[in-house]
Every structure is written in structure tokens, then in C-alpha cells.
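Me: I would like to go through this structure by question and answer. Please keep the terms plain.

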Protein chains: 2
Amino acid sequence: MKLYISLLGFGKVGRQFVKLVRAKEQDILNWHGIEPKFASVSSSRGYVANPDGLDIDVLAGMAIREQNLAEHPDFVPYGAKDKMDGILPEVAGKDCIKVLVAAASSDFETGEPTLSIMKSAISRGWNIASMEKSPLVVAFDELTEMARKFGVELRYSGATAAGLPTIDIAKISLAGSKVMAIEGILNATTNYVLTLMSEDGISYEEALSMARAHGYAEPDPTRDVMGIDTACKILLIANAAMGCRKKLSDVKITGITHITPRDVASWAIEQRTLKMIGRAWREDDDVKIEVSPMAVPYYDMFAKVNGSGKAVRFVTDLFGELVVTVQEGGPVAAAGSGFKDVINIFRSFQGRI
Amino acid sequence: MKLYISLLGFGKVGRQFVKLVRAKEQDILNWHGIEPKFASVSSSRGYVANPDGLDIDVLAGMAIREQNLAEHPDFVPYGAKDKMDGILPEVAGKDCIKVLVAAASSDFETGEPTLSIMKSAISRGWNIASMEKSPLVVAFDELTEMARKFGVELRYSGATAAGLPTIDIAKISLAGSKVMAIEGILNATTNYVLTLMSEDGISYEEALSMARAHGYAEPDPTRDVMGIDTACKILLIANAAMGCRKKLSDVKITGITHITPRDVASWAIEQRTLKMIGRAWREDDDVKIEVSPMAVPYYDMFAKVNGSGKAVRFVTDLFGELVVTVQEGGPVAAAGSGFKDVINIFRSFQGRI
């Protein structure tokens with residue numbers, strides 16, 4: 001059965017996603033019987049589309065050369081015709097599964113422009129694999145309800161710590177369990193900075209500029225170091241795993257910008273290391289969510305999660321404490337997690353996973 | 001939609017499974033719309049069955065009191081009529097999902113009597129959630145092929161390290177990834193024994209009798225300490241995650257019975273701790289599988305997995321190293337993993353997970 005992808009965003013992660021689909025084309029045909037086609041690829045300025053599938057070699061070549069989407073011979077700037085019709089073309093044949101893969105950047109307060117595109121997509125029968133957090137944080141209930149109504153899937157591994165399988169674990173591996181609490185090291189920038197401060201005894205500012213130099217911090221890392229990125233992730237994970245419907249405004253957030261080498265050193269004397277932790281726990285029939293740097297004892301698994309590593313701990317009634325860690329981050333893991341969601345959407349429609 | 005369960009085995013794990021279904025009845029109705037019924041429960045000597053569902057309170061009461069199944073008022077000894085018809089009754093109504101939950105003990109060499117019951121079940125349209133390793137190790141290819149032919153699912157989380165989500169991770173979270181290698185601490189008895197030897201400096205024999213006293217070793221722990229239990233688990237995990245079709249005879253196995261306090265002490269000087277490791281890796285277009293005690297450096301996550309804890313590491317192309325650990329073992333985790341498989345079988349037939 002054919003799989004049509006509409007890829008939103010042709011930046012680092014979007015390009016990596018194209019390269020991944022190209023590189024794994026034969027594998028996913030052999031393993032899962034999936035024949036992927038790109039129905040469209042769009043950027044902030046326009047799109048390329050073909051209801052029979054774009055030439056994937058052309059796209060992969062552009063991705064490898066880090067070309068701008070506007071350099072594609074069939075690029076159509078927005079405004080020429082209806083934007084949604086361009087991004088979400090009517091694909092050929094009924095016997096197919098359609099997935100919008102969201103890898104663009106969107107406004108943090110409004111989730112736009114992606115949120116509107118997601119809504120259009122769902123109402124046209126496209127499933128969603130989102131690597132973007134903002135639209136989900138802004139409108140999770142609305143998107144979930146729309147997906148239910150239109151019979152499509154909404155997956156977002158790429159928005160919830162990428163290579164770290166948070167949502168899969170919560171929904172599949174912990175089916176039937178009650179999750180009592182969740183803790184996570186969910187943001188690579190802050191973990192990288194705190195690791196450098198611990199290992200090298202340097203200041204926050206020095207560590208942050210090293211993180212920037214090594215590509216572990218965005219040019220503007222405000223949302224990372226203030227704890228907002230971690231808050232978005234623990235919020236989405238808690239809502240999925242603990243059956244709550246919390247908002248970002250319910251999360252108490254403390255960043256790492258005030259941490260001094262003296263703090264780090266005095267915790268080290270007590271055999272503890274500072275980690276940026278997002279956590280959610282049950283209290284009086286409610287769920288509380290908090291983000292702050294915490295001093296983790298050396299004997300704890302979390303103390304071993306250094307650099308750009310990530311980790312999550314689920315405390316459950318049936319399996320006790322389940323801890324998952326992953327070392328790899330960056331665009332490959334982000335694109336890989338979107339790729340995984342696309343495959344699992346396909347498989348779940350095909351019948352059984 | 002109704003869910004009919006045929007439970008094979010009313011020992012520690014079987015009883016725990018019944019208690020779990022009873023305790024979670026309301027939750028799984030609320031969370032997943034599942035109404036579970038026990039169509040039958042069977043032991044080595046006979047069964048109780050009701051095509052409309054057995055009284056679950058009676059079963060749960062017997063489980064709590066650790067009663068023998070033969071004490072059930074409707075107990076039918078084998079021989080009175082066809083055994084398979086008793087264990088696998090024709091359940092009422094077509095709109096239902098049927099799952100055989102295997103929690104009996106079976107012969108290690110032949111997988112019997114469970115293997116024959118599993119085959120009958122599959123040919124009658126029952127899905128399988130197995131907490132037993134032997135039938136799968138003996139006849140994995142045959143069971144997989146039959147399940148495909150009859151359109152049923154074969155799940156076995158409870159046979160592959162229970163609370164540690166090995167197969168889920170391999171099939172769902174690593175969809176699209178290539179697994180290059182797998183390592184696991186998969187057997188509670190050997191990990192408990194090696195932990196005691198490391199922490200208390202005692203001999204293998206002393207540690208084993210303490211493990212027995214604390215319920216972490218069977219009366220006959222031969223298959224655990226010889227590495228065979230670990231071999232069965234890493235075999236099933238490797239076959240699922242690496243696309244190979246290895247047999248138990250392909251696994252090179254070394255036990256822990258020869259380990260001395262002197263070995264433990266000399267590794268400690270090198271900042272290493274002995275762990276019983278099952279591992280599988282790709283070599284020359286083939287997969288190699290081996291089980292042996294290995295000296296793990298203190299900085300490794302695996303060094304922190306003590307007592308009855310378990311862990312698995314997947315080395316993948318897209319996400320680097322993914323490590324999962326779990327502390328809880330025993331009948332609750334075993335029954336919980338079967339319970340999880342039953343829920344996921346139900347959900348996957350219902351449409352989408």
C-alpha cells in the first residue's frame with residue numbers, strides 16, 4: 001500500500017527526514033511493505049507538490065546539498081493558489097495512507113503557521129506525525145478531538161524528546177499500568193551546559209558558549225535555559241501517560257541561568273550532580289508538573305546521563321521504576337523519531353502492529 | 001467489545017494475572033473500553049470453563065487464598081471430554097476478541113503441553129499472550145507462521161524479561177531503525193547472586209542460598225545459573241529485533257557457577273563488576289548470540305543494575321544507544337506484562353493503538 005507524505009519544513013530536520021526516507025526506501029518496503037511517496041514538501045515561502053509523488057532523488061539531492069526549497073524547479077510561492085491545496089494535494093487513488101510530517105518552526109505562543117495547516121490536514125484525512133511542540137502545547141485538546149472525529153492518528157514522538165521513546169513507552173509498554181510519577185532529563189542544551197559546569201568547573205556563561213560552539217545550543221537558547229522546552233515536553237508526556245489535561249501555565253518552571261560554579265561544587269561534595277529535571281506526580285487526585293535543576297545523587301541512573309543524553313523515569317504500579325536513556329540527539333534522531341511515527345501510523349492502519 | 005481470556009496455569013503468575021484483571025476491571029473499561037471475561041482457566045490436571053464467562057470474583061477469591069484450581073466447584077478433570085474443547089471453549093457471540101494467556105510450566109525440550117495447546121488455540125482463532133519461553137524457543141517459526149495464516153497475534157513480553165519492555169521497544173520504538181547489537185541483563189537470579197558476591201564478598205554457593213531464601217532463585221536454579229534462561233530471552237529478543245531466525249543451539253552459553261570471590265575482587269580493583277550478559281551482534285552478514293558473565297565498567301549504566309533488576313541496551317543506526325532498566329520483578333511484573341500484551345492485542349484489533 002502507498003504512503004503519501006506531506007513534509008512541512010525543509011530545514012535541518014526536514015532535510016534529514018528526506019535523506020532518511022531515501023536511504024531506507026528498500027528496507028521499509030522489505031520490512032513493512034511500505035512504498036513512500038512525497039506528495040508535497042513545503043517551506044515558509046512556498047511548496048513543491050505532485051499528487052503522484054515527487055521525484056525523491058531530486059529532493060534527496062537538494063537535502064544533501066542543503067539547498068533551499070525555492071531552488072526546486074517546480075517550486076510554487078504561496079499566493080499563486082490556495083496554500084492548503086498546495087501543501088495538502090489530493091493524492092491519486094484511494095488505497096493509500098496520508099501523513100503530514102511537521103518539521104517546520106512555528107510561533108511559540110500561537111503554534112502558527114503549523115497549527116492551521118495541521119487542522120486543515122486532519123479535516124482532509126491526513127494523519128499527523130509532528131516533530132513540533134508548539135502546535136501541540138497550544139492546542140492539544142482540540143487536535144486530539146479533531147483527530148478522533150476524522151479517524152486519523154496524531155503522533156508526536158519527535159516533539160517529546162525524539163530518540164527517547166517517551167510516548168511509545170507510556171502508551172504501549174505501560175498499557176494497563178498506572179503511572180504514579182514521571183521524571184525526565186529532556187533537553188540536550190541544559191544537560192550539556194550542566195555537564196560542562198560539573199566536569200570542568202566553568203561558569204554558566206562559558207559552558208553555554210561552548211554548547212553553542214558545538215552545536216548543542218540554538219543561537220537563541222532562551223527557551224532551553226529557562227526550562228520552557230523541558231516544560232513543553234514533560235507536559236505532553238504527562239498528559240499522554242497520566243491521563244491529565246494540563247496546560248503549560250500549570251507547570252512551575254525554574255531555569256538554570258542562576259546556577260554558579262559554587263553551587264555545582266557544593267553539591268559535588270555531597271556526591272550529587274545538578275540535572276535539569278522535568279517531573280510530574282500525582283497529588284490529591286491531581287497531577288502536579290514542575291521543571292527545575294535538581295541535585296541527583298551519583299548512584300542514580302540519571303547522574304550517568306551526560307552531555308546531550310536524555311532520560312526518562314516512569315514510576316508505575318505494576319513494573320516499579322522503568323528508566324530509559326539515550327545518548328544520540330540532533331537532527332538524525334529527530335528525523336528518525338518522525339520516521340518511526342510514520343511507519344507506526346502506516347502499520348496501525350494496515351491492521352496490526 | 002468483549003474480551004475472552006483462556007488462562008493456562010493457575011500457579012503464582014496465573015493467580016496474579018487473575019487478581020490483576022479483577023483489580024483493573026474498571027480501569028481498562030474506562031481507558032480502553034475492554035470488558036474482560038474468563039472463558040476458561042486450566043491447570044495441569046483439568047479446567048473450569050464457561051462460554052459466557054466464569055464468575056471472576058470466585059476466581060479472584062481462589063487466587064487470593066492461593067487455592068488449587070481443583071477446588072473450584074465446576075472443575076472438570078482432563079479425560080472427561082476433549083481437553084482442547086475444555087481449555088478453548090466456543091465463546092458466545094462473534095463480536096469478541098479471544099486471547100490464550102499462557103502462564104503454565106512446560107517441558108523445556110518439547111514446549112509441551114503448552115505448545116500443542118497454543119497450536120490448537122491459534123487454529124481456532126485465539127490470539128496468544130505467552131509468559132512461557134519454552135514453546136516459543138522450541139517452535140518460534142512454526143507458531144509465527146500459524147499466527148500469520150490464521151490472522152491472530154502472537155505476543156510474548158512475559159517471556160522476554162517481563163517488566164523490561166524488550167519486544168515493544170524493538171518493534172515499536174525502533175521501527176525504521178537497524179539494530180546493530182543488543183546486550184541485556186535478563187535474569188534476576190544470576191544478577192541477584194552476582195550482586196551479593198560483589199557487595200558482600202561471599203561465595204557463589206552462599207549467594208545462591210541467600211537468593212533462594214529471598215525468593216530470587218527457584219528450588220532448582222540450574223537453567224538460570226547455567227545461562228540457559230538468559231539465552232532463551234536474548235534469542236527471542238534478537239530474532240524479533242534483528243530479523244534473524246536463530247535457534248537455541250546457535251547460542252554460545254557460559255554460566256556463572258565457576259565465578260569465585262577472587263574473580264569478583266580482582267575485577268573490582270579494575271573498577272569493574274561482573275554481570276551475566278546476553279548479547280547479540282551483527283558479524284559478516286550474520287547475527288552472533290552469546291551468553292556469559294562479563295566485567296562491566298563502573299561508569300556503565302549496566303553496573304547500576306543490581307539485585308533483581310534487569311536492563312537491555314539496543315545499539316541502533318538512528319538513535320545510538322538506547323538503554324532501558326527496570327527494578328521490579330516477580331509475579332506482579334510477569335502478570336503485568338501478560339496483561340499489557342492482552343490489552344495491546346485488543347487495541348490493535350479494535351483499530352489503532
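Reply: We start with a term: helices (H or I, at least four residues) and strands (E, at least two) are DSSP runs, numbered from the N terminus. This is a predicted model, in which local features need pLDDT of at least 70, side-chain atom pairs count only at pLDDT 80 or more, and totals for chains, interfaces and linings use all residues. Residues are numbered from 1 along each chain as its sequence is written, chains are lettered from A and ligands numbered from 1 in the order in which they are written, and side-chain values use heavy atoms, with hydrogens and water left out.

Me: By what turn can chain B be laid on chain A?
Reply: Copies are superposed by least squares on the C-alpha atoms of residues with pLDDT of at least 70 in both. The fit has an RMSD of 0.0 Å and a shift of 0.0 Å along the axis. The two copies are thus related as by a two-fold rotation axis. The turn is 180°.

Me: Which C-alpha of chain B is nearest the axis?
Reply: The C-alpha in question lies 2.2 Å from the axis. It belongs to Val324(B).

Me: How much area do chain B and chain A bury between them?
Reply: Buried area is the accessible area (1.4 Å probe) that two parts lose on being put together, summed over both. Contact means heavy atoms within 4.5 Å, and here it takes 51 residues from chain B and 51 residues from chain A. Carbon and sulfur atoms hold 62% of the buried area. The total is about 4,000 Å².

Me: Which helix gives the most to the side of chain B that touches chain A?
Reply: Helix H2 (25-32), helix H7 (166-173), strand S13 (320-326) and helix H13 (330-350) of chain B each supply at least two residues of that side. One of these gives 11 residues, the most: H13(B).

Me: Which residue of chain B forms a salt bridge with Asp317(A)?
Reply: A salt bridge is a side-chain nitrogen of Lys or Arg within 4 Å of a carboxyl oxygen of Asp or Glu. The rule finds two salt bridges across the interface of chain B and chain A. In the pair with Asp317(A), the closest N and O atoms are 2.5 Å apart. The partner is Lys24(B).

Me: How many residues apart are Arg22(A) and Asp57(A)?
Reply: Over all chains, the search finds 34 salt bridges. Arg22(A) and Asp57(A) form one, with their closest N and O atoms 2.4 Å apart. Arg22(A) is in helix H1 (residues 12-23) and Asp57(A) in helix H3 (residues 56-64) of chain A, so distant parts of the chain are linked, as the two lie 35 residues apart.

Me: Which strands stand at the edges of the seven-strand sheet in chain A?
Reply: Two strands pair if DSSP finds at least two bridges between them. The open sheet has mixed pairing and the order S4-S3-S2-S1-S5-S6-S7 (chain A). An edge strand has a single partner strand, so one side of it is left without a neighbour in the sheet. The edges are strand S4 (76-77) and strand S7 (154-155).

Me: Which strands are at the edges of the sheet of 12 strands?
Reply: The order is S9(A)-S11(A)-S10(A)-S8(A)-S12(A)-S13(A)-S13(B)-S12(B)-S8(B)-S10(B)-S11(B)-S9(B), and the sheet is open with mixed pairing. Each edge strand pairs on one side only; they are strand S9 (252-253) of chain A and strand S9 (252-253) of chain B.

Me: At what angle does helix H8 of chain B run to S10(B)?
Reply: Axes are lines fitted to C-alpha atoms, for helices over the stretch in contact, and angles run from 0 to 180 degrees between N-to-C directions. Helix H8 (residues 188-200) of chain B lies across S8, S10 and strand S12 (310-316) of chain B. The angle is about 140°.

Me: Which residue in the turn between S10(B) and S11(B) has a positive phi?
Reply: Strand S10 (residues 272-283) and strand S11 (residues 286-297) of chain B run antiparallel, joined by 12 bridges. They form a hairpin with two residues between them. The phi is about 50°, and the residue is Asp284(B).

Me: Which residues of chain A does a cis peptide bond join?
Reply: Most residues other than glycine have a negative phi, and most peptide bonds are trans. Pro113(A) lies in the loop between S5 and helix H5 (114-123) of chain A. With omega about 5°, the cis bond joins Glu112(A) and Pro113(A).
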